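Hi everyone, thanks for coming. I'd like to walk you through a structure that may be new to you, so have a look at it first.

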Amino acid sequence: METKRVNRIHVLCSETDEACLLKPASFLNYAQEIASDSADALGFGQNFLGPLGQAWILSRMKVDFLDYPSWRDDLDLWTWHRGEDGLFFIRDYKLVDGQGNTKIRATSSWVILDLKERKIVRSEAPCDPATICQETVYDDAADHKDTVCQKVRAPRGVEFEHVYDHVVRYSDIDKNGHTNNVQYTVWAMDCFDVRFLVENRLKSLEINFNREAMPGETVELHRYRENEATWYVEGLVDGAQSFIVRFSF
């Protein structure tokens, strides 16, 4: 049974910006797809959870952009399951070029959602995902990050600036009937001027997903600048925080 998976990536024009460099959200799309492929191969993916009325849901993610791939680059995206951390299942990634240089590295924390009740669950059955996951941990210290995703909190007492509102529509929704995790970063980056993003490359992002954004709901996007390099963006639905992301430029 494989414990570490690799997908070959060819960077498309549509996945880059005007500088022909990979958009951060494009990497998140890659990561989402390979996570699904790997979970299926390990025996605890969609084919396992679907009949139970459950699905994997991304709860937290941290991504470090060490160097940006360019249009038409060919790269290898690796992923592996790193075990459990309380309620969370940990999955790591690295995007590597043909010379073996790591371009992007990331870690993520996942939970299981009951699609009918819309609640986080953990089965206690003998064949539950936690049991299977314990048998498929990739254990190579050279590849392990030494941290897991932390809770993102903006400094207390700060005032966020309202930027724009977004109504959740067809293009935002995935197979689980809610906003796909990648779209939150798309919305958050749209809180910035295009020239700012092209001229100030994102070095890292940390995002927490706290409440599902459902079709027809209005997400209010707000931002706060902590210092020259650090921004926070949060999305509110009916006054409750749907997500928060910390950007470091």
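I'll start with the overall picture, then go through the core, the pockets, the cavities and a couple of backbone oddities.

One thing to keep in mind from the start: this is a predicted model. The protein has 5 helices and 11 strands. Out of 249 residues, 50% count as buried. If you take the contacts with a separation of 6 or more, 70% of them are between residues 24 or more positions apart. As for the outside, the accessible surface is about 12200 Å², and carbon and sulfur atoms hold 47% of that.

Okay, the core. The largest nonpolar core has 54 residues, and the ones touching the most other members are Phe27, Met61, Val63, Tyr93, Phe243 and Phe247. Which helix gives the largest share of this core? That's H1, with 9 residues. Do remember H1, since we'll be meeting that helix again.

Let me pick out Val63 for a moment. Setting aside neighbours within four places in sequence, Val63 is in contact with Phe27 and Leu28, with Ile104, Arg105 and Ala106, and with Lys203, Ser204 and Leu205. Phe27 is on that contact list, and Phe27 is also among the core residues that touch the most other members.

Now the pockets. The largest pocket has a volume of about 820 Å³. It's lined by 38 residues, and Trp56, Ile57, Leu58, Trp110 and Asn176 are the closest to its centre. Several elements give two or more residues to that lining: helix H1 (24-42), strand S2 (54-65), strand S4 (88-96), strand S5 (102-114), strand S6 (119-121) and helix H4 (181-189). H1 gives the most, with 6 residues. What sort of residues make up the lining of the largest pocket? They divide into 17 nonpolar, 12 polar and 9 charged.

On to the second largest pocket, which holds about 450 Å³ of space. Its lining has 21 residues, and nearest its centre you'll find Asp17, Lys23, Pro24, Ala25 and Met189. Here the elements giving two or more residues are H1, H4 and helix H5 (194-199). H1 again gives the most to this lining, this time with 4 residues. By class, the lining has 12 nonpolar, 4 polar and 5 charged residues.

Let's go inside. How many cavities of 30 Å³ or more does the structure hold? There are 2. The largest cavity has about 40 Å³ of space. Its lining is made of Leu28, Ala31, Gln32, Leu58, Met61, Tyr93, Trp110 and Asn181. Both H1 and S2 give two or more residues to that lining, and H1 gives the most, with 3. In terms of class, that's 6 nonpolar and 2 polar residues, with no charged ones.

The second largest cavity has a volume of about 30 Å³. Leu28, Leu58, Met61, Asn181, Thr185, Ile207 and Phe209 line it. S2, H4 and strand S8 (204-209) each supply at least two of those residues. This lining has 5 nonpolar and 2 polar residues, and again no charged ones.

If you're looking at the structure right now, try finding Leu58. You'll see Leu58 among the residues closest to the centre of the largest pocket, in the lining of the largest cavity, and in the lining of the second largest cavity too. Met61 is another one to click on: Met61 is one of the core residues touching the most other members, and Met61 lines the largest cavity as well as the second largest.

Last topic, the backbone. Most residues other than glycine have a negative phi. Two residues here go the other way. Cysteine 20 has a positive phi of about 65°, and Cysteine 20 sits in the loop between strand S1 (4-10) and H1. Is Cysteine 20 buried, partly exposed or exposed? It's partly exposed, with a relative accessible area of 32%.

The other one is aspartate 238, with a positive phi of about 55°. Aspartate 238 is in the loop between strand S10 (230-237) and strand S11 (240-248). Aspartate 238 counts as exposed, because its relative accessibility is 74% and exposed means over 50%.

That's my tour, so over to you for questions.

Key:
Residues are numbered from 1 along each chain as its sequence is written. This is a predicted model: local features need pLDDT of at least 70, side-chain atom pairs count only at pLDDT 80 or more; totals for chains, interfaces and linings use all residues. Side-chain values use heavy atoms; hydrogens and water are left out. Buried means under 20% relative accessible area, exposed over 50%, partly exposed in between (1.4 Å probe, protein chains only). Contact means heavy atoms within 4.5 Å. Accessible areas come from the Shrake-Rupley method with a 1.4 Å probe; for residues, only the protein chains shown count as cover. On a 1 Å grid over the protein atoms alone, a cavity is a set of points where a 1.4 Å probe fits but cannot get out, and a pocket is an open set with protein on both sides within 12 Å along at least five of seven lines; lining residues have an atom within 4 Å of a point. Grid points are joined across faces, edges and corners, and a volume is the space filled by probe spheres set on the points. Ala, Val, Leu, Ile, Met, Phe, Trp, Tyr, Cys and Pro count as nonpolar, Asp, Glu, Lys and Arg as charged, and the others, Gly among them, as polar. A nonpolar core is a set of buried Ala, Val, Leu, Ile, Met, Phe, Trp, Tyr and Cys residues joined through side-chain atoms within 4.5 Å.
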